[in-house]
Amino acid sequence: MNTLVKQISCYSIFLAFLSITSPAIDTTEIEIDYDTASFKDEKITSKGAEVTVTYNKKEEFDELDNLHYQISYNGVSQLSSSAFTQFSGGVSLKDLDGNGMPEVVVRTFSGGAHCCNNYTVYTQQNNQLLKAEKGFLDIRGGSFQDLNRDEKLEFVSVDNSFLYAFSSYAGSFPPSQIYTFTNGKFENVTRRYTQHLKSHAWEMYQIFLQSKKEQYEVNGILAGYVAQKILLGEYEQGWKFMLANYDRTSDWGLSIYQEDREIGKYPNFPTALKAFLIQQGYLDKNGQPQ
Ligand SMILES: [Ca+2]
Ligand SMILES: [Ca+2]
């Protein structure tokens with residue numbers, strides 16, 4: 001298989017899966033992609049909220065902001081702000097917390113091969129405009145979906161710390177991260193969404209089988225899989241599966257760093273993975289699932 005095909009393997013399949021399974025969300029939005037030309041004063045409105053957006057297309061990174069937006073609620077101007085975005089981004093009105101008042105979601109993309117999506121959310125709570133951020137996220141960042149059909153949107157993403165940790169970018173398959181937006185803040189509620197966690201684990205397993213068959217990288221997938229099993233309360237099972245299947249010839253992720261300086265090497269992938277899972281809070285300091 002040629003390199004390009006390999007590079008679009010694990011994660012792209014997963015992303016395609018995500019977009020197929022995303023339920024349709026009732027939102028008002030302006031989407032910016034590679035082909036979007038500059039525009040001025042485009043408006044989106046929903047239930048008393050209004051955003052006026054101006055976009056100046058930029059081919060290269062610039063110090064100057066090129067996405068300008070003004071927010072008003074019930075005809076009262078609340079905020080004028082701006083950001084930089086390149087080739088991808090958007091402004092939308094979505095009622096994230098299901099209180100009948102739409103939030104303003106501004107998505108920006110910094111440019112570069114894999115980095116970074118950032119989400120800024122403005123919400124009006126007790127007549128005050130609050131701002132919350134979710135970023136900086138790799139790839140497409142995440143998506144707002146109503147996983148449990150309670151008319152509140154969850155932010156469905158993955159733990160970006162797993163990218164490149166034990167495989168190349170394409171060979172990595174990070175575990176789930178799910179947030180709710182409550183009282184103007186994002187809250188990590190990943191473990192509550194068992195059904196989603198299970199289907200993500202199933203995807204990982206399928207991709208693992210495929211990668212193994214094609215003799216492609218597997219340790220990055222297995223690292224994510226063990227973490228995903230921890231989220232499901234099935235750590236022992238995940239760990240056993242990893243031990244039986246990891247690639248003993250790969251030394252990706254075995255270096256031990258202190259302040260960006262390599263100070264040694266873990267003897268093998270399971271030891272390195274355990275240290276990583278402790279560091280990222282999936283296991284406690286004694287190596288027990290959190
Ligand atoms: Ca709301
Ligand atoms: Ca929901």
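Donors are N, O and S atoms close to a metal, and for Ca the cut-off is 3.2 Å. Water is not among the atoms, so sites may look incomplete. With this in mind, the two calcium sites of this predicted model can be described.

**The calcium sites**

The calcium ion (ligand 1) has protein donors from Asp95, Asp97, Asn99, Met101 and Glu103, at 2.2 to 2.6 Å from the ion. Glu103 appears twice in the list, each time with an OE atom. Met101 gives its O atom, whereas Asn99 gives OD1. Along the sequence, these donor residues follow the spacing D-x1-D-x1-N-x1-M-x1-E.

The calcium ion (ligand 2) has protein donors from Asp146, Asn148, Asp150, Lys152 and Glu154, again lying 2.2 to 2.6 Å away. Here Glu154 is listed twice with OE, and Lys152 contributes its O atom. The spacing of these donor residues in sequence is D-x1-N-x1-D-x1-K-x1-E.

The table sets out the angles at each ion.

| Ion | Donor atoms | Angles between donors | Arrangement |
|---|---|---|---|
| calcium ion (ligand 1) | 6 donor atoms | 52 to 174 degrees | irregular |
| calcium ion (ligand 2) | 6 donor atoms | 53 to 172 degrees | irregular |

Why is the arrangement around the calcium ion (ligand 1) irregular? Six donors count as octahedral only if opposite donors are over 155 degrees apart and all others lie between 65 and 115 degrees. The angles around ligand 1 start at 52 degrees, so the arrangement is irregular. The angles around ligand 2 start at 53 degrees, so that arrangement is irregular as well.

Some of the donor residues can also be described by their accessible area. Asn99, a donor to ligand 1, is partly exposed, with a relative accessible area of 42%. Among the donors to ligand 2, Asn148 is partly exposed at 37%, while Asp146 is buried at 14%.

**A sheet of four strands**

The protein chain has 6 helices and 15 strands. Four of the strands form an open sheet in the order S2-S3-S4-S5, with antiparallel pairing. Strand S2 (39-46) and strand S5 (76-83) are at the edges with a single partner strand each, so one side of each has no neighbour in the sheet. On average, neighbouring strands of this sheet are turned by 15 degrees against each other, direction ignored.

S2 and strand S3 (residues 49-55) run antiparallel and are joined by 6 bridges. In one of the pairs, Glu42 has Val53 in S3 as its bridge partner.

Ser46 belongs to strand S2. Is Ser46 buried or exposed? Ser46 has a relative accessible area of 18%, so it counts as buried, since the cut-off for buried is under 20%. Apart from neighbours within four places in sequence, Ser46 is in contact with Thr28, Leu93 and Pro102.

**Helix H6**

Helix H6 covers residues 269-279, and its buried residues are Phe269, Pro270, Ala272, Leu273, Phe276 and Leu277. These residues span an arc of only 160 degrees around the axis, so they are on the same side of H6. An α-helix has 3.6 residues a turn, so residues three or four places apart point the same way. Helix H4 (219-231) and helix H5 (235-245) are included in what covers the buried residues of H6. After H6 comes Gly281, which has a positive phi, near 85 degrees.

**The whole chain**

The protein chain has 290 residues, and 50% of them count as buried. Among contacts between residues at least 6 apart in sequence, 50% join residues at least 24 apart.

Note on methods
Residues are numbered from 1 along each chain as its sequence is written. Chains are lettered from A and ligands numbered from 1 in the order in which they are written. This is a predicted model: local features need pLDDT of at least 70, side-chain atom pairs count only at pLDDT 80 or more; totals for chains, interfaces and linings use all residues. Side-chain values use heavy atoms; hydrogens and water are left out. Two strands pair if DSSP finds at least two bridges between them. Helices (H or I, at least four residues) and strands (E, at least two) are DSSP runs, numbered from the N terminus. Axes are lines fitted to C-alpha atoms, for helices over the stretch in contact, and angles run from 0 to 180 degrees between N-to-C directions. Donors are N, O and S atoms within 2.8 Å of the metal (3.2 Å for Na, K and Ca); water is not among the atoms, so sites may look incomplete. Four donors count as tetrahedral if all angles lie between 85 and 135 degrees; four count as square planar and six as octahedral if opposite donors are over 155 degrees apart and all others between 65 and 115; anything else is irregular. Buried means under 20% relative accessible area, exposed over 50%, partly exposed in between (1.4 Å probe, protein chains only). The arc is that of the directions from the helix axis to the C-beta atoms. Contact means heavy atoms within 4.5 Å.
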